[in-house]
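Please look through the structure below before reading on. The paragraphs that follow go from the whole chain to its cores and then to a single helix.

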Amino acid sequence: MNFYMPARLPGPARPARVDQNLAGRRCAPAAISGAMRLPWLRYLGKVALVLGAYFVTARLGLRLGAVAGFATLVWPPSGIALAALFLFGDALWPAVALGALAVNVAAGAPLAVACGIATGNTLEALAGAKLLRLARFQPGLERVRDVLALVLFAAFLSTLVSALIGVGSLWAGGVVRGSETLAATQAWWIGDALGDLVIAPALFVWTARPRISFGRWRWLEALSVAGLLVGFSLAIFGGGGDGLLRETYMLFPVLVLAASRFGPYGASTGVLLVSAIAIAGTATGHGPFLRASLSESLLFLQTFMGIVALTMLVVEAAMTERNRAVEARDEFLAIASHELSTPLTALSLQVQNLLRVLKRDDAEIERLRAHTESTWRMVGRLARMIRELLEISRISGRIRLEREEVDLTLVIRESVSRLDPQIVQAGSAVTVLASEPVPGHWDRTRLDQVIDNLLANAIKFGAGKPVEIVVDGLGPMARLEVRDHGIGIGLSDQARVFERFERAVSRRRFGGLGLGLWIARQVVEAHGGTISLSSEPGHGSTFTVELPRTGASG
């Protein structure tokens, strides 16, 4: 019997409708319960995936000449853990802890020692992800600063946490003696660092960047480059003997080709591919890095691979930055020519209309006023774009601030008054929520720029809906929120909208040069403050500015 089938009752159809409503009420809790369970199922799925990948790769790493059975020079789990926690949140830390605990217990570590090692591995991943977020790391690895942040904060600093705690746990548990402590620490640190330099970049790029679509010839080129990498790697690390083509430097031209043709995808994947073949060859007794023991051989190999990974990632990022600069220049010229020509055309038409009206009698005075106001708006638009262009050269270096006592609330109200024509034209209602003055020591002119740009953005993209400005001056910091209820900004675009010439919308639908938010960020950071964005497509955006209320003269 179908539980949700309404019973057949005699009489009119009304009782049937009552039973259907009852069935709907019975179904609703089940649907709500299923919806509530869905995030937990996704979370558990991610935990299981990370835990499984961690355990399997850790078991492989521990088979490769681990010092004292636990400190290995090949440790992919560090890169897996770093990428997982950075991309999907620190809430996945139990997967790292359980994976580390399970693999060390399986390797024969006492439970207390395994718990200590698992603690170190988990803290390493948490510290690395936190440091990268503080450095505003972008996982696409398209900037040299992102590569350097990965090397310094993740591969160099965070791995020291795991190495020191892990080896300390082994020493406290009597697994390593004093003479082995230094060698174990060195192997542990290098193995974790290489995981962050070889495994994490590939995971970052293939997970965070948009998927690439290749045509037939592009696929053929990619397979050809991959074939060259595999061929040279097998020739160098897959057999014995000497020869010109068996030297390690033969890898660099092919890796540079992969980086130049396929950007972050080519560089990260190429390094990962070469590393896998090199480790397999060295572990089976082949290649130029063979020494008396496997651990010594892997020490020389991993040092070489660290240099290769760092070089290729920096080269790729530098080339990507150059290409993006060229693309930004070309797009800027196209945008500037379009944005400047549009108001100039409208301005010329308005001037022609004014000339025609001036030749008529005084009855046309109202039309004259309307044309004059429209012309004034066109002039203001041109002046604003020209000011933004001039700011590029002015802000290219350190901004010089002329600080004075300023009331933030008053500056905001003046900005609202100044932009009143735009507010009226957009049909928005702007509300300033400030119960009292918020004084501070700031550059008034620069502060005007920030507020004007944020308010103009809220009006422009607010879809005619209300805009709220909230001011709070409690404590040593002043806080400003500009909130709209318009089109919103996707998560993948939120970081880059603060870059120069970057926009999250079509330039055909929305005008502008893509400089307003970049200028705002430069000014706020020059004051020692921060600017952040919280947004969801279709639900508006909230820009939050926090400024120290006191500061030295800039």
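Contacts between residues 24 or more positions apart make up 72% of those in the protein chain with a separation of 6 or more. The model is a predicted one. Its protein chain has 14 helices and seven strands, and 44% of the 554 residues count as buried. The chain exposes about 28,200 Å², of which carbon and sulfur atoms supply 63%.

Next, the interior. The largest nonpolar core has 45 residues, and those with the most contacts inside it are Phe237, Leu251, Leu301 and Met305. Two or more residues of this core come from each of α4 (111-134), α5 (144-172), α6 (178-208), α7 (216-237), α8 (251-283) and α9 (294-358). The most is given by α6, with nine residues. As for Phe237, its contacts beyond four places in sequence include Leu251, Ile277 and Ala278, as well as His286, Pro288, Phe289, Leu301 and Phe304. A second core, separate from this one, has 42 residues, among them Leu408, Ile423, Val450 and Val467.

Leu408 also belongs to helix α11, which covers residues 408-418. Which residues of α11 are buried? They are Leu408, Thr409, Val411, Ile412, Ser415 and Val416. Seen down the axis of α11, these buried residues fall within an arc of 160°, so they line one face of the helix. The spacing follows a general rule: an α-helix has 3.6 residues a turn, so residues three or four places apart point the same way. At the start of α11, the backbone nitrogen of Thr409 lies within 3.1 Å of a side-chain oxygen of Asp407.

Methods: Residues are numbered from 1 along each chain as its sequence is written. This is a predicted model: local features need pLDDT of at least 70, side-chain atom pairs count only at pLDDT 80 or more; totals for chains, interfaces and linings use all residues. Side-chain values use heavy atoms; hydrogens and water are left out. Helices (H or I, at least four residues) and strands (E, at least two) are DSSP runs, numbered from the N terminus. Buried means under 20% relative accessible area, exposed over 50%, partly exposed in between (1.4 Å probe, protein chains only). Contact means heavy atoms within 4.5 Å. Accessible areas come from the Shrake-Rupley method with a 1.4 Å probe; for residues, only the protein chains shown count as cover. The arc is that of the directions from the helix axis to the C-beta atoms. A polar contact is a pair of N or O atoms within 3.5 Å; within protein, one must be able to donate a hydrogen and the other to accept it, and residues adjacent in sequence count only if both atoms are side-chain atoms. A nonpolar core is a set of buried Ala, Val, Leu, Ile, Met, Phe, Trp, Tyr and Cys residues joined through side-chain atoms within 4.5 Å.
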